Amino acid sequence: CVGLVVFTVSMWLSEAAPFEATALFVPPLAILLNLSPGEKREQAKHVLGSVFTESLYLVLCGFVISSVFTKCQLESRTAVILQRRFGRQPFLFMLAIMFLGLLLSALLSNVTAPLLLVEVIKPLLRDMPTDSRYSRALLLGLAFSCNIGGMVTPISSPQNIAALTILEQHDGHITWAQWLCVSIPFCSMGVLVAWSLLLIVYRFDTSPEEKARLAAGDAQAVTLPAVIFDAEAMTWAKIASLASACATLAAFACRPLSDFFGGTAVVAVFYIALALATGMITRQTFNSYSWHLLFLIGGGSALGFVVNESGLLAILSHYAKKHLANDPSLLIAELVFVLVGATTFVSHTVAALVFMPLVVKLGSEIGVQNLAVFICGLACSVACALPMTSFPNVNSLLAADDAGKSWLGMQHFLKAGTPMTLLLTLLLVTFGISLAEKVIVG
């Protein structure tokens, strides 16, 4: 299993094959190497079942909602407003986009929010060179802010839901008021830290082509180009489709409502069927979605499943348990570092599912299970050095111009994501734990 993890991560880092191709190698290799218990057919059933999980239905529904918003030209209208306000202040525009990502991730989820916002900024990026360092900084800012936005509410991300579910199974409880009293100031500070870091990275992240333009005197100061589009009338059909999309997002945000339908995945599938049946999206639009993105995420999910089933994560958890401190603050800080290390290579959601039972047990033994689960739940969303472990990162990585050329590569995430992960981790184990102790422990 260690060999499979090393092979997969090496292929992703070297980009020797398309990301989705490497991801699709995971299930067959895991079965051939007998990394799960049971017969081959039984292994295949479980490993392949871990590829297309419930979270992928949310991603697919996000594609559909994004198409509806695009049909109503919401992204272009939003881009016009922001460009008019911050056209000559591009870095304030970037900060506005990052706080918008934080807000939408909190209200909806950090799966849907980046899908919508990348469409908002694309009209602005299309008129810039693909190798523009500002384009890269803006997309990285979107990814980082949506990762941080996944911490804001108990339902902002799957890892938060997983953490609270496991906590409630052990008779623990954290109220929404407690969660928000800590997460809002912490996440706001996190966005400001991310923005400041990207301003520093921007000064040194110059591509060879951009250096040539600077040397030739062809490069101009960064200004956001005017967004020009043919505004279409908002017909009643468009208004109805927009209302249905908003109702779906409200169902995602309202847990009792989504539970009435059987969960957010069922709501997502119902809306996809409704959109296709009523003509809100066409078959051609449906077929044009980024299916490679779904299988990239699915391959990462399969890798996490295999690492868990093979016992590798259990070994790592057992080793960590033997070497952790007994002091509550030190214990939680050490658990944060363990989780950040794990989520650098494994899906944030998978890490939450695997490690949270251990976190609850260790926390309950010293009487701080609520605090431990809360802080470690936030820690599951911190890592952003590699793009494959969270959807906001993958979404920014695969954003491309009209010629199909990506604005970001793996090296850009390593340059900015590694220090961002370290800074957020330090912020969490200092300011985050201190604030949470006052609010949750009292």
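The secondary structure of this predicted model comprises 22 helices and zero strands. The protein has 442 residues, of which 55% count as buried. Its exposed surface amounts to about 19,100 Å², and carbon and sulfur atoms supply 64% of that area. Among contacts between residues at least 6 apart in sequence, 78% join residues at least 24 apart.

One instance of residues distant in sequence being brought together in space involves Pro129 and Trp407. These two residues are 278 apart along the chain, and their C-alpha atoms are separated by 9.2 Å. Pro129 belongs to the loop between α7 (112-125) and α8. With a relative accessible area of 40%, Pro129 is partly exposed, because that value falls between the 20% limit for buried residues and the 50% limit for exposed ones.

Helix α8 also takes part in the aromatic contacts. The whole structure contains five aromatic pairs. In one of them, the rings of Phe91 and Tyr134 have their centres 5.8 Å apart and their planes at 80°, so the arrangement is edge-to-face. Phe91 lies in helix α6 (residues 90-107) and Tyr134 in helix α8 (residues 133-149), so this pair ties together parts that are 43 residues apart in sequence. The two partners differ in their surroundings: Phe91 is partly exposed, at 25% relative accessible area, whereas Tyr134 is buried, at 0%.

A further edge-to-face pair is formed by Phe286 and Tyr289, with 5.9 Å from centre to centre and 75° between the planes. Here Phe286 counts as buried at 18% relative accessibility, since the cut-off for that class is under 20%. Tyr289 is buried as well, with a relative accessible area of 11%. Elsewhere, Phe260, Phe261 and Phe270 form one aromatic cluster.

Burial can also be followed along a whole element. Helix α20, which spans residues 369-379, is mostly covered, with 10 of its 11 residues buried. The buried residues of α20 include the nonpolar side chains of Leu371, Val373, Phe374, Ile375 and Leu378. Gln369, Cys376 and Gly377 are also among the buried residues of this helix. In general, an α-helix has 3.6 residues a turn, so residues three or four places apart point the same way.

The surface offers a contrast to these covered regions. Leu24, Phe52, Tyr57, Val269 and Phe295 make a nonpolar surface patch of about 390 Å². One of its members, Tyr57, is found in helix α4 (residues 54-71). Tyr57 is partly exposed, with a relative accessible area of 30%.

The cysteines complete the picture. A disulfide is a covalent bond between the sulfur atoms of two cysteines. A search of the whole structure finds zero disulfides. For Cys246, the nearest cysteine sulfur is that of Cys72, 9.0 Å away. Cys246 is therefore in no disulfide, because such a bond is assigned to sulfur atoms within 2.5 Å. Is Cys246 buried, exposed or partly exposed? Its relative accessible area is 41%, which means that Cys246 is partly exposed. Cys146, by contrast, has 0% relative accessibility and therefore counts as buried.

Conventions: Residues numbered from 1 in each chain as written. Predicted model: local features only at pLDDT ≥ 70, side-chain atom pairs only at ≥ 80, totals over all residues. Heavy atoms only, no water. Buried < 20%, exposed > 50% of the residue type's maximum accessible area, 1.4 Å probe, protein only. Patch = residues over 30% accessible without salt bridge, like charges linked within 9 Å, V, L, I, M, F, W, Y side chains within 5 Å. Areas by Shrake-Rupley, 256 points an atom, 1.4 Å probe, with all protein chains shown as cover. Salt bridge = Lys/Arg side-chain N within 4 Å of Asp/Glu carboxyl O. Helix = DSSP H or I, 4+ residues; strand = E, 2+ residues; numbered from the N terminus. Contact = heavy atoms within 4.5 Å. Phe/Tyr/Trp six-rings, centres within 6.5 Å; stacked < 30°, edge-to-face > 60°.
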